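Colleague: Hi! Could you walk me through this one? I'd like to start with anything unusual in the backbone.

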Amino acid sequence: MDHRSPEMGLVHLLRAVTVEFDLLGAEFAARHGLHPTDVRALIHLLDDERSGARTTPGRLGEQLRLNSAGTTALVDRLERLGLVRRSRDTADRRRVLLEVEEKAVELGWSFFGPVIGEVVGVAEGFNEGELETVRRFLTSVLEAVPRARGEAS
């Protein structure tokens, strides 16, 4: 594999962006007394909410690769901090759903808002075809990682 190829250049850039976002997430976590896993949990919950998925503790545990006890401790911690609430599923009262509290959304926007604004500003400099190419590339990368790990995507 040629480490100077254009494709490897993309790998290195993607890694650099990932590291920057990871550092940003760690700074957010430290500033608000959270564990990095708490931040990842909130991101998964917000992504699920945006996509219309209803998140149970079991689903969140799968997304984070946590066992049941770890997931319960995580949800308990986020609930104590007022960032997440548990509610009963109205369709199946035996099922518990997790929802992000407005406090968590406000905290996130106050910290990540400027970065999101910058990224949106960068994206606005691309035409629709270029954005579609970037979207297709990033979606393909997201699908490739589980395959490389031997997981079903």
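Modeller: Happy to. Just after α3, R65 has a positive phi of about 60°. This is a predicted model, by the way.

Colleague: Where does R65 lie?

Modeller: R65 belongs to the loop that runs between α3 and α4. The positive phi there, near 60°, is in a residue other than glycine.

Colleague: And is R65 buried or exposed?

Modeller: R65 has a relative accessible area of 52%, so it counts as exposed.

Colleague: OK, back one step to the helix before it. Which residues of α3 are buried?

Modeller: Helix α3 covers residues 57-64, and the buried ones are L60, G61 and L64. Looking down the axis of α3, those buried residues fall within an arc of 100°, so they line one face of the helix.

Colleague: Remind me why that spacing works?

Modeller: An α-helix has 3.6 residues a turn, so residues three or four places apart point the same way.

Colleague: What do the buried residues of α3 pack against?

Modeller: They pack against two helices, α2 (36-51) and α4 (68-80), and against the strand β2 (96-100).

Colleague: Let's zoom out. How many helices and strands does the chain have?

Modeller: There are 6 helices and 2 strands. Along the sequence the pattern reads α-α-α-α-β-β-α-α.

Colleague: What does the C-alpha trace span?

Modeller: About 55 × 35 × 30 Å along its principal axes. The chain has 153 residues, and buried residues make up 23% of them.

Colleague: And what about contacts across the sequence?

Modeller: Take the contacts between residues at least 6 apart in sequence: 45% of those join residues at least 24 apart.

Colleague: Changing topic: how many aromatic pairs are there?

Modeller: The structure holds 3 aromatic pairs. In one of them, F28 and F111, the ring centres are 5.2 Å apart and the planes sit at 55°, so the pair is tilted.

Colleague: Which parts of the chain does that pair link?

Modeller: Distant ones: F28 is in helix α1 and F111 is in helix α5 (residues 102-123), with the two positions 83 residues apart. F28 counts as buried at 4% relative accessibility, and F111 is buried as well, with a relative accessible area of 11%.

Colleague: What about F111 and F112, how do those rings meet?

Modeller: Their centres are 4.9 Å apart and their planes are at 80°, so that pair is edge-to-face. Both F111 and F112 are buried. Ring pairs link F28, F111 and F112 into a cluster.

Colleague: Nice. Now the outside: how much area does the chain expose?

Modeller: About 10,700 Å², with carbon and sulfur atoms supplying 58% of it.

Colleague: Which residues make the nonpolar surface patch?

Modeller: L10, L13, V134, F137 and L138 make a nonpolar patch of about 420 Å². The elements that give two or more residues to the patch are α1 (6-31) and α6 (128-148).

Colleague: Which element gives the most?

Modeller: That's α6, with 3 residues. L138, for example, lies in α6.

Colleague: Why does L138 count as partly exposed?

Modeller: Because its relative accessibility is 38%, and the partly exposed class sits between under 20% for buried and over 50% for exposed.

Colleague: Great, thanks. That gives me plenty to look at on screen.

Conventions: Residues numbered from 1 in each chain as written. Predicted model: local features only at pLDDT ≥ 70, side-chain atom pairs only at ≥ 80, totals over all residues. Heavy atoms only, no water. Patch = residues over 30% accessible without salt bridge, like charges linked within 9 Å, V, L, I, M, F, W, Y side chains within 5 Å. Areas by Shrake-Rupley, 256 points an atom, 1.4 Å probe, with all protein chains shown as cover. Salt bridge = Lys/Arg side-chain N within 4 Å of Asp/Glu carboxyl O. Helix = DSSP H or I, 4+ residues; strand = E, 2+ residues; numbered from the N terminus. Buried < 20%, exposed > 50% of the residue type's maximum accessible area, 1.4 Å probe, protein only. Phe/Tyr/Trp six-rings, centres within 6.5 Å; stacked < 30°, edge-to-face > 60°. Contact = heavy atoms within 4.5 Å. Arc of directions from axis to C-beta.
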